[in-house]
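Got the viewer open? Let's take a walk through this one, selection by selection.

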Amino acid sequence: MSGSAWIYHERQDALLCGQHALNNLVQECVFSADALAEIAHQLDEMELTYMAQNNEGGIRSKEYLERVAEGSGNVDETGNFSIEVLRAALQNRYDMSLPNIAQQGVLDGKDVTDIEGFICNRDSHWFAIRKINGRYWNLNSTKERPEFISQFRLAAEIQGFQEAGYSVFCVVDKKLPPPCITSQGRERGLPQYWWKEEDLVKGKADAITGANDPWRNVGGGMRLDGKSSTSHQGLTEDEMLHKAVEASLETEGNRMASETRKVVKISPEPAATQPGTVRIQFRLPDGGRVIRRFLGSDPVSVIYMFVEEKCPGQGRKLELRAGFPPADLASKEGETIENAKISGENIQCRYL
């Protein structure tokens, strides 16, 4: 094991335990309830479309009507998400699958301690177990703090959960994001949910969190222009170079996208009967929904302009995602809508 790490442990908020389980698994506040709800909506639409096309009677079949009457099969009114939603979210963001550990072949040639992360579920409750800095931690969002699980006890714990009726899913095909080992790394999560590993291992009742860390502001301050500054103390030379290259590429990419959109104009909405017309549905950054027709020959950049006009971002970067799992459209901005294959899609929009 290397030096002490910080452990991210989101606590229960309403019944959004699926969201917390995912964020605790990847050690970052990256999955929002809105984004997961949008995935659930897309899954529902896919299931209904499949039933309409394959059931005798189509949308008038008994099975289809019963499924519509049931409401969403992937998220309920309390915010509890299905395993399909959690799987799609991980697949889209990290290209990770989430098989059931009891599935044949999942543990072939592996010991349970070879697995870095688990998600457990029973009776609409989800929680994560994650290996961090060589130690396993139970990151159940209903618990006050992360709880240590020794490698010797891990197999017995997992078996105990299964015997108690839990379904246990695991990440086996990819490495999870690395743990946080610097104060700057804690910016990827909310400060009150970070716990100092060293204090947890020692069992300190007053363990330091990101919110009460006495060193959290050392190296940072205010610049002469009044803006905040952040120190790169604790980063290696390679890490600082990587951050500089990332920032440069992002700035150049935003500039090129902005220049491209300046020379593109949004044409009047075509009639539904006009040849080559396509229909696209948007979930706007403000949560509203709108449907708009375009021509399949229009560039994808027109879609970005349409969303920016509907919901101005005040200079923020606009992200559009479409398909299943939802994929970023940035790389397709220079293509036509037809070639990008987004006709009829439900596009998720947000500002970063």
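Start with the whole chain in cartoon: you should find 9 helices and 14 strands. Keep in mind that this is a predicted model. Of the 352 residues in the chain, 41% are buried. Among contacts with a separation of 6 or more, 62% join residues 24 or more positions apart.

**Stop one: a helix pair**

Select residues 17-26, helix 1, and residues 83-94, helix 4. The two pack at an angle of about 35°, with their axes 11 Å apart, and their crossing is right-handed. Now show side chains at the contact: helix 1 brings Gly18, Leu22, Leu25 and Val26, while helix 4 answers with Leu86, Ala89, Leu90 and Tyr94. Colour that contact by class and you get 7 nonpolar residues, 1 polar and no charged ones.

**Stop two: the cores**

Stay on Leu22 and look at its surroundings. Leaving aside residues up to four places away in sequence, Leu22 touches Phe31, Leu36, Leu86, Ala89, Leu90 and Ile119. Which residues have the most contacts inside the largest nonpolar core? They are Leu22, Phe31, Leu90, Ile119 and Trp126, in a core of 28 residues. To see who contributes, highlight helix 1, helix 2, helix 4, strand 3 (125-132) and strand 6 (167-171), each of which gives two or more residues. Helix 4 provides the largest share, 7 residues. There is also a second, separate core of 23 residues; to locate it, pick Ile280, Val290, Val302 and Cys311, which are among its members.

**Stop three: an open sheet**

Next, bring up the sheet whose 5 strands run in the order 11-10-14-12-13. The sheet is open and its pairing is mixed. At the edges sit strand 11 (289-295) and strand 13 (327-328), each pairing on one side only. Select 277-283 and 346-351 to see strand 10 and strand 14 pair in the parallel sense over 3 bridges. Zoom in on Phe282, which stands opposite Ile347 in strand 14.

Now add residues 33-54: this is helix 2, which packs on the sheet and touches strand 10, strand 11 and strand 14. Its direction makes about 175° with that of strand 14.

For the last selection, take residues 300-310, helix 8. Helix 8 lies across strand 10, strand 11, strand 12 (318-322), strand 13 and strand 14, and runs at about 120° to strand 12.

Methods: Residues numbered from 1 in each chain as written. Predicted model: local features only at pLDDT ≥ 70, side-chain atom pairs only at ≥ 80, totals over all residues. Heavy atoms only, no water. Pairing = 2+ DSSP bridges. Helix = DSSP H or I, 4+ residues; strand = E, 2+ residues; numbered from the N terminus. Contact = heavy atoms within 4.5 Å. Axes fitted to C-alpha atoms, helices over the stretch in contact; angles between N-to-C directions. Left-handed = near helix turned anticlockwise from the far one by under 90°. Nonpolar A, V, L, I, M, F, W, Y, C, P; charged D, E, K, R; others polar. Core = buried A, V, L, I, M, F, W, Y, C linked by side-chain atoms within 4.5 Å. Buried < 20%, exposed > 50% of the residue type's maximum accessible area, 1.4 Å probe, protein only.
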